[in-house]
Amino acid sequence: MSSTDDLASRSPSRRPQFVPGAPANTLHVKSDAPTPELHVIAYHGDDFIEKRLDRPADVVELLDQWPITWLTVAGLDDAATISELGRIFGLHALALEDVVQVHQRAKVEQYGEQLFIVARMAELNATLETEQLSLFVGKNFVLAFLEDPGDCFEPVRARLRAGGPLRQAPTGQLAYSLLDAVIDAYFPVVEAYAERLDRLEDRVIARPNRRAVSEIHAAKHDLRSVRRIVWPLREAVNSLVRDPSPLIDDDTRVHLRDCYDHLVQIIDLVETYRELCSDLTDLYLSSLSNRMNEVMKVLTIIATIFMPLGFITGLYGMNFNTERSPWNMPELNWRYGYPFALGLMALTLLGMLWYFRHKGWLGDGKA
Amino acid sequence: MSSTDDLASRSPSRRPQFVPGAPANTLHVKSDAPTPELHVIAYHGDDFIEKRLDRPADVVELLDQWPITWLTVAGLDDAATISELGRIFGLHALALEDVVQVHQRAKVEQYGEQLFIVARMAELNATLETEQLSLFVGKNFVLAFLEDPGDCFEPVRARLRAGGPLRQAPTGQLAYSLLDAVIDAYFPVVEAYAERLDRLEDRVIARPNRRAVSEIHAAKHDLRSVRRIVWPLREAVNSLVRDPSPLIDDDTRVHLRDCYDHLVQIIDLVETYRELCSDLTDLYLSSLSNRMNEVMKVLTIIATIFMPLGFITGLYGMNFNTERSPWNMPELNWRYGYPFALGLMALTLLGMLWYFRHKGWLGDGKA
Amino acid sequence: MSSTDDLASRSPSRRPQFVPGAPANTLHVKSDAPTPELHVIAYHGDDFIEKRLDRPADVVELLDQWPITWLTVAGLDDAATISELGRIFGLHALALEDVVQVHQRAKVEQYGEQLFIVARMAELNATLETEQLSLFVGKNFVLAFLEDPGDCFEPVRARLRAGGPLRQAPTGQLAYSLLDAVIDAYFPVVEAYAERLDRLEDRVIARPNRRAVSEIHAAKHDLRSVRRIVWPLREAVNSLVRDPSPLIDDDTRVHLRDCYDHLVQIIDLVETYRELCSDLTDLYLSSLSNRMNEVMKVLTIIATIFMPLGFITGLYGMNFNTERSPWNMPELNWRYGYPFALGLMALTLLGMLWYFRHKGWLGDGKA
Amino acid sequence: MSSTDDLASRSPSRRPQFVPGAPANTLHVKSDAPTPELHVIAYHGDDFIEKRLDRPADVVELLDQWPITWLTVAGLDDAATISELGRIFGLHALALEDVVQVHQRAKVEQYGEQLFIVARMAELNATLETEQLSLFVGKNFVLAFLEDPGDCFEPVRARLRAGGPLRQAPTGQLAYSLLDAVIDAYFPVVEAYAERLDRLEDRVIARPNRRAVSEIHAAKHDLRSVRRIVWPLREAVNSLVRDPSPLIDDDTRVHLRDCYDHLVQIIDLVETYRELCSDLTDLYLSSLSNRMNEVMKVLTIIATIFMPLGFITGLYGMNFNTERSPWNMPELNWRYGYPFALGLMALTLLGMLWYFRHKGWLGDGKA
Amino acid sequence: MSSTDDLASRSPSRRPQFVPGAPANTLHVKSDAPTPELHVIAYHGDDFIEKRLDRPADVVELLDQWPITWLTVAGLDDAATISELGRIFGLHALALEDVVQVHQRAKVEQYGEQLFIVARMAELNATLETEQLSLFVGKNFVLAFLEDPGDCFEPVRARLRAGGPLRQAPTGQLAYSLLDAVIDAYFPVVEAYAERLDRLEDRVIARPNRRAVSEIHAAKHDLRSVRRIVWPLREAVNSLVRDPSPLIDDDTRVHLRDCYDHLVQIIDLVETYRELCSDLTDLYLSSLSNRMNEVMKVLTIIATIFMPLGFITGLYGMNFNTERSPWNMPELNWRYGYPFALGLMALTLLGMLWYFRHKGWLGDGKA
């Protein structure tokens with residue numbers, strides 16, 4: 001899987017197809033890449049077969065023998081394999097190009113009798129990682145292209161292995177099951193962000209620091225990625241629900257409506273958490289302003305108290321010659337000169353404290 | 001009822017159904033949970049019966065005997081009960097799944113001849129608490145699933161007990177009455193926020209402190225939750241008004257239009273209060289900036305007055321040897337040296353005060 | 001008239017009808033309230049009659065005798081009167097409920113052959129005050145419910161008294177005239193805010209203070225209220241223009257299009273002034289930042305000049321014993337020690353001034 | 001021409017027509033105003049006549065003699081003239097009212113066989129000035145009302161004088177030419193703002209001051225006015241392009257599509273410059289924060305260096321009696337006491353400088 | 001190519017056509033300009049010819065001889081050439097005017113049997129540079145006008161030279177290939193901004209300085225330009241996909257849908273990076289506030305420690321005459337007076353440090 005940052009800074013090696021002006025129907029993939037993993041499941045009612053294929057050509061006889069064949073191709077670096085599969089399944093050149101251009105927006109397209117569905121799987125490890133799923137649905141096959149081995153389809157495979165209604169259903173239902181697995185995998189991702197933001201909220205209120213801002217920024221960034229992925233997926237699923245296709249029967253349509261509801265819910269959650277991110281940034285800034293105010297008040301109180309006091313000490317630290325005239329600092333020779341000076345300072349101090357109390361600056365640290 | 005924060009950080013035990021790839025039509029609920037409360041009202045014109053049921057199966061004979069049966073199920077933790085009710089009332093598997101997935105968006109769906117309505121009840125205790133209401137409406141029954149015992153339907157029950165037009169009306173009208181009760185319960189919630197924000201507004205202007213920000217933040221958060229709940233409810237009610245369903249007669253439709261108006265009004269109010277929250281945050285920040293300015297002015301005035309004065313005292317506190325040369329601090333030996341220094345300080349002070357008055361810094365604390 | 005704040009914090013006594021679950025068609029008004037004022041105008045071509053009614057029932061004979069009767073009911077606190085009028089005019093229960101629920105959004109509804117129009121009148125006294133107008137238009141009557149005596153219909157009455165085309169026109173035209181009066185009354189309100197904001201703009205630039213922020217906040221609040229009132233009114237008038245109703249003839253439709261234009265213009269102005277409010281807040285904050293910068297510069301200049309000077313005075317105020325060794329503060333005994341120290345200070349001062357000029361801190365207060 | 005501020009604070013004398021409840025079809029204009037300037041051009045193929053009219057009635061014979069008459073009325077203060085023109089051309093009362101209500105939004109209305117077009121001309125002198133153009137288009141006339149003498153139609157007149165295709169075209173084409181002249185006059189206005197903002201951008205980056213903020217604020221205000229004027233004009237032109245009118249032939253329609261493109265482009269530019277204004281405000285605030293940071297750093301560096309140094313000088317300025325005990329300030333009598341104190345200060349200074357370098361506070365003023 | 005800033009401050013020499021009121025169908029271009037470069041490719045299946053033309057008239061015989069002729073005109077300053085080409089290809093006057101008005105929004109217009117397409121090519125050198133492409137598509141020709149020599153069509157030419165399917169396709173397919181080349185050239189531009197913003201993000205977090213703000217501002221500005229260019233292009237391509245034109249066959253339509261997807265993806269990316277710009281500005285401001293807080297804390301700590309200490313040293317630097325009375329500063333004559341004073345200072349220091357630790361101000365610089 002590739003990090004979402006790849007969505008932004010896609011290296012030329014991953015997306016060499018954007019040679020401006022190049023013919024749109026030429027595949028640009030690295031030719032020295034390893035063979036992708038080919039995993040196939042074929043079934044028909046009670047019969048079921050599951051194996052790894054060595055060569056793409058091996059799928060031909062399965063297609064002939066089985067009513068429904070589901071082939072998963074993990075790894076897109078081998079142009080030969082992909083081209084051969086394109087020939088075998090009769091895939092449109094533009095669609096094949098979208099398969100290897102792994103940063104497509106989700107979409108559904110009808111090529112002749114085939115449905116071509118692009119979606120994006122997400123997984124939250126240390127960072128948010130996403131992977132393009134390209135799905136071709138034909139009358140007797142489902143062909144899934146993945147960027148790397150490892151997917152979220154294991155439960156679907158388990159259900160097929162176990163038998164049950166899915167074995168009887170047409171290919172559209174299988175495609176729905178795969179999409180459903182992809183979509184449901186977004187819930188734990190979004191919830192992880194919810195928990196992260198909850199923790200951040202507490203931290204921002206209790207002790208706003210710079211790392212919190214970076215984390216809010218990162219969460220915002222990821223949520224934006226998720227939204228950018230899920231939004232077109234919603235449109236795509238909606239078009240599957242609305243536009244008639246012979247591959248989607250009415251029952252599947254009802255289930256897809258459920259998928260659509262889930263996507264709306266995910267978008268809803270993502271939008272909520274994005275707004276929460278903005279709120280947290282505001283909260284952070286106002287916490288910061290609050291602390292600044294508090295710091296400034298301490299500074300001002302200290303300065304306002306000690307500057308006048310310091311002035312008085314400085315005053316009586318002057319060296320005017322008291323012996324030369326009675327006008328020169330007679331206080332220094334008063335009997336109670338020192339107590340007088342201390343009293344003056346005490347009065348000043350009390351006056352300042354009264355002023356601060358009047359201003360309301362001497363509340364608790366919360367004010 | 002569950003707190004709205006549950007909407008965000010839903011624990012796995014509450015929403016175990018998001019096992020990616022699991023078949024959509026399998027119920028995932030805790031099997032060791034207590035039996036839910038089953039409360040049933042059945043009526044027909046003048047006849048009326050109300051009782052608690054011990055077992056779901058008891059409802060069957062009521063359905064046979066009474067033209068309209070209203071069953072309320074409070075508590076969703078017992079899979080057996082819910083599955084059995086599903087069988088008895090012929091509920092669709094996807095709908096049943098939505099019943100136990102208690103964080104659905106509000107929606108209306110048509111399953112065969114049944115209407116399936118999801119809404120969310122709100123109650124404002126210490127925090128905002130919400131609870132999912134799942135409503136199945138059939139020709140001769142209304143089936144309401146609640147998360148916990150306790151609801152806002154008591155007035156509807158009272159009207160049924162008292163007799164009156166509702167006893168004559170079809171099930172659609174009963175369903176409307178329940179929805180209406182749910183919707184009207186949002187008004188006191190929204191008004192409570194209105195009052196809270198009014199109080200906050202006064203506080204923010206009079207004495208901006210950190211707690212006010214937290215409270216604004218919390219209110220914003222809750223209002224966002226309310227909006228997220230009410231918005232799809234509006235769409236759902238609108239679809240009930242527009243899309244023809246045999247269960248909704250014309251009279252009910254007129255009443256639903258009224259419901260719709262109420263929802264629009266609630267959304268309107270919520271949006272207004274959300275904008276008010278943003279305004280309050282701005283107001284808070286500008287209050288804070290104002291106070292900071294005030295604090296800084298005090299600091300600057302104090303420093304600007306006492307630093308020059310302190311300099312003068314420091315000057316005449318230097319120990320240059322006046323006896324060595326007449327150039328060394330002759331002021332110390334002047335007859336009026338001390339008064340001269342004091343006069344210098346007074347002049348400095350007056351100059352500074354004039355400067356501050358000129359700058360307009362010595363206005364009232366409001367400026 | 002009620003203040004717009006009532007829109008937010010509506011006391012239970014004003015809106016007792018939101019008893020969740022209560023039947024929608026029950027009137028909840030205070031029963032011990034005074035009788036509302038009933039004012040009636042009936043006319044037909046040259047004939048014209050205008051009088052106050054003591055009892056609602058008195059209108060029945062007018063309805064029988066005159067082709068067009070316009071009854072204005074000012075005061076909604078007496079349930080009996082309103083219920084009786086409902087019976088006399090055959091008003092729908094839901095509509096009647098909206099009449100007494102005085103915080104409805106503007107809307108137009110068709111009940112049978114009657115049009116039911118809800119609008120809101122505004123008046124700007126010390127604060128913005130609004131009042132709900134509920135208008136029933138039938139073939140031979142216009143029935144207007146107001147919250148309190150006092151309205152903006154006097155010019156319409158004057159035109160009816162004077163005779164002229166309005167006397168010949170159907171009830172739809174009279175309803176239009178009332179709506180037009182209501183809508184035109186918004187222009188002076190909006191302009192008053194325009195003038196207020198103009199004055200605020202000058203003040204914010206010249207002397208940003210805390211009161212200005214409160215006033216901007218208040219204006220924003222009121223403009224939001226006006227928008228919230230006028231927006232649905234625009235929709236309502238638009239539906240009158242578009243949707244065919246036998247009560248609205250083509251001529252009236254042309255005039256309503258003019259009303260619609262006025263509403264669009266009012267919304268336009270309100271949006272402009274709301275944006276202006278936001279701009280003023282920004283302007284205020286940047287004025288504040290500017291002043292803060294200015295204050296900080298003064299503080300920094302003072303501190304940066306006097307701290308080094310103070311250091312020098314402190315240095316030569318140390319009491320090291322010059323007699324013990326020639327290393328101990330020989331300057332004190334120099335012939336030109338004091339001038340040397342003063343020169344050192346002058347140099348420091350000049351250096352600092354040069355630095356500030358270099359930094360551009362000694363420009364005019366504007367920079 | 002009136003300043004755009006008039007849009008906001010329109011004096012009662014300019015808009016006396018908003019007497020709430022007054023009949024919509026009464027003209028309210030000052031009766032003692034000077035006669036407006038009447039300028040007429042009539043043409044037909046090769047024939048062409050251009051003159052000033054003294055009295056409105058003079059246009060009648062031109063209308064009879066010439067296939068196309070273009071009358072421009074500059075000045076709206078004389079009710080008699082306008083009413084008489086209304087009678088001569090058969091103008092609708094509501095349209096005439098819009099002519100004298102000079103703050104209409106742009107619109108196109110069809111009154112019988114006449115088109116009524118309201119637009120607004122802009123000119124950028126010291127401030128942005130706008131003027132309402134009310135255009136009546138009939139089969140054989142174009143009637144243009146302006147607020148004041150002086151317009152942007154001179155090139156159109158020149159083309160008519162010179163002959164050419166416009167002389168052959170129907171009135172719709174002439175109306176288009178006038179609209180086109182009005183619309184194209186917005187380009188220099190918008191560009192003037194572009195240049196002003198470019199200069200402001202440089203100033204905000206180089207030396208953010210308070211006047212820049214006022215100018216950004218003013219530009220924002222004017223651009224908002226332009227948008228508010230142009231936006232409805234776009235709708236109006238669009239309705240001319242789409243809605244069939246016998247006065248607009250296909251060729252004119254193609255040209256109007258071009259007008260529409262220009263309006264879209266103007267709105268595009270205005271939106272861009274408005275966003276730029278917001279960006280500049282942000283830039284200004286961050287420049288200000290930067291400068292504040294810089295100022296604060298200087299203050300902190302100065303204080304942090306001189307406060308410890310001042311403490312040391314203060315320490316050895318204490319007057320403890322060294323003769324009373326060897327514990328009392330023995331340093332004062334050390335042989336190298338003064339060099340020791342100076343060394344202590346130098347060490348402190350170096351420590352502080354190291355600390356600041358470590359903090360990165362001693363970079364260039366840019367950091 | 002012209003810089004995007006030209007979009008804003010277009011010099012009169014570049015856009016002299018906006019003479020308000022001038023006839024729309026007159027070409028305003030500089031007459032003394034150099035002849036533009038004319039490059040022509042004509043082909044038909046296996047036949048292929050490519051050459052430079054000296055005079056526009058030379059294209060006539062090519063048009064007669066070859067089924068498809070592609071003429072590229074680079075340079076728009078010579079009115080004669082452009083007018084002559086207009087005559088030869090039968091171009092509409094308004095379209096020709098759009099060709100020389102090089103700041104058109106992208107659009108597609110149908111003039112009789114010709115398609116007129118305006119797009120804008122982008123290239124990122126030191127700054128973002130864009131150039132208008134005006135494309136006329138006829139049955140047997142594609143005519144491309146460029147502002148300057150140099151374009152992104154070389155790969156298309158190479159494919160034509162090499163033969164292949166494009167040689168067989170109709171002119172619509174060639175036009176698509178050119179548009180595709182233009183659109184794909186936006187990807188490297190947008191990615192360059194992505195990388196720039198990535199670097200800026202690191203810098204803003206690590207060391208926020210003024211240059212970063214300028215760069216964010218510049219990136220925002222450019223991205224706004226790109227969006228303003230691409231947005232109407234999307235609409236234009238969409239209208240090509242939807243609206244039937246005999247020049248666009250079904251295969252080309254499928255390819256244009258792909259173009260449309262790319263444009264949606266570009267807009268998506270641009271919007272994401274624009275949001276990122278705003279986030280970075282926020283991040284910058286909060287970094288700045290953080291640093292300010294840090295600076296203020298240092299200042300406050302220093303002042304709060306050294307002001308009380310300085311007060312104590314000042315106190316014992318006063319010159320009250322200890323010999324005159326035992327009340328006058330007896331501490332000076334204490335045996336342990338100096339240690340007592342030092343101890344007092346140490347206590348003060350410890351108290352302050354405890355206070356700061358309690359406030360949490362003595363954490364790492366991160367807090």
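1. Buried area is the accessible area that two parts lose on being put together, summed over both. Keep that in mind for the interfaces further down. One caution before anything else: what you have in front of you is a predicted model.

2. How far can you trust chain A? Its mean pLDDT is 85, and 89% of its residues reach 70 or more. The stretch to watch is residues 1–22 of chain A, where pLDDT stays under 50. The model still gives that stretch 61 contacts beyond four places in sequence. Where pLDDT is low, the predicted coordinates should not be read in detail. I'd therefore leave the details of those contacts alone, given that pLDDT stays under 50 there. For the complex, the predictor reports an ipTM of 0.72 and a pTM of 0.78.

3. Now the chain itself. Chain A has 11 helices and eight strands. Of its 367 residues, 60% are buried. Take the contacts in chain A between residues at least 6 apart in sequence: 66% of them join residues at least 24 apart.

4. How are the copies arranged? A turn of 72 degrees and a shift of 0.1 Å along the axis lay chain B on chain A, with an RMSD of 0.1 Å. This is the relation of a five-fold axis. Chain E can be laid on chain A with the values of 72 degrees for the turn, 0.1 Å for the shift along the axis and 0.1 Å for the RMSD.

5. Which residue of chain B comes closest to the rotation axis? That is B:G317, with its C-alpha at 4.7 Å. In chain E, the residue that comes closest is E:G317, with its C-alpha at 4.9 Å from the axis.

6. On to the interface of chains E and A. Here 71 residues of chain E are in contact with 70 residues of chain A. The two chains bury about 6,100 Å² between them, and 58% of that is on carbon and sulfur atoms. If you want residues to click on, try E:M307, E:F311 and E:F320: they supply 10% of the area that chain E buries against chain A, more than any other three residues. Only 17% of the interface residues of chain E are also interface residues in chain A, so the copies meet through different surfaces.

7. The interface of chains B and A can be read in the same terms. There, 69 residues of chain B are in contact with 72 residues of chain A. The buried area is about 6,200 Å², with carbon and sulfur atoms giving 58% of it. Which residues of chain B lose the most area to chain A? They are B:R210, B:H217 and B:Y338, together 13% of what that side buries.

8. Aromatic rings deserve a look too. Over all chains, the structure holds 60 aromatic pairs. One of these is formed by A:W327 and B:Y336, a tilted pair with 5.6 Å from centre to centre and 55 degrees between the planes. This pair crosses between chains: A:W327 is in the loop between α10 (250–315) and α11 (337–359) of chain A, and B:Y336 is in the loop between α10 (250–315) and α11 (337–359) of chain B. Buried or exposed? A:W327 is partly exposed, with a relative accessible area of 45%, and B:Y336 is partly exposed at 43%.

9. Within chain A, ring pairs link A:Y111, A:F116, A:F136 and A:F145 into a cluster. Rings also turn up alongside charges. The charged end of A:R234 sits over the ring of A:W231, 4.7 Å from its centre. In chain B, the charged end of B:R234 sits over the ring of B:W231, 4.7 Å from the ring centre.

10. Last, a backbone detail. B:M329 has a phi near 45 degrees, a positive value in a residue other than glycine. Where is B:M329? It is in the loop between α10 and α11 of chain B, and it is buried, with a relative accessible area of 0%. C:M329 also has a positive phi, of about 50 degrees, although it is not a glycine. C:M329 is found in the loop between α10 (250–315) and α11 (337–359) of chain C, and at 0% relative accessibility it counts as buried.

Definitions and conventions. Residues numbered from 1 in each chain as written. Chains lettered and ligands numbered in written order. Predicted model: local features only at pLDDT ≥ 70, side-chain atom pairs only at ≥ 80, totals over all residues. Heavy atoms only, no water. pLDDT = per-residue confidence, 0-100. Contact = heavy atoms within 4.5 Å. Least-squares fit on C-alpha atoms with pLDDT ≥ 70 in both. Phe/Tyr/Trp six-rings, centres within 6.5 Å; stacked < 30°, edge-to-face > 60°. Helix = DSSP H or I, 4+ residues; strand = E, 2+ residues; numbered from the N terminus. Buried < 20%, exposed > 50% of the residue type's maximum accessible area, 1.4 Å probe, protein only. Lys NZ or Arg CZ within 6 Å of the ring centre and 35° of its normal. Buried area = accessible area lost by both parts, 1.4 Å probe.
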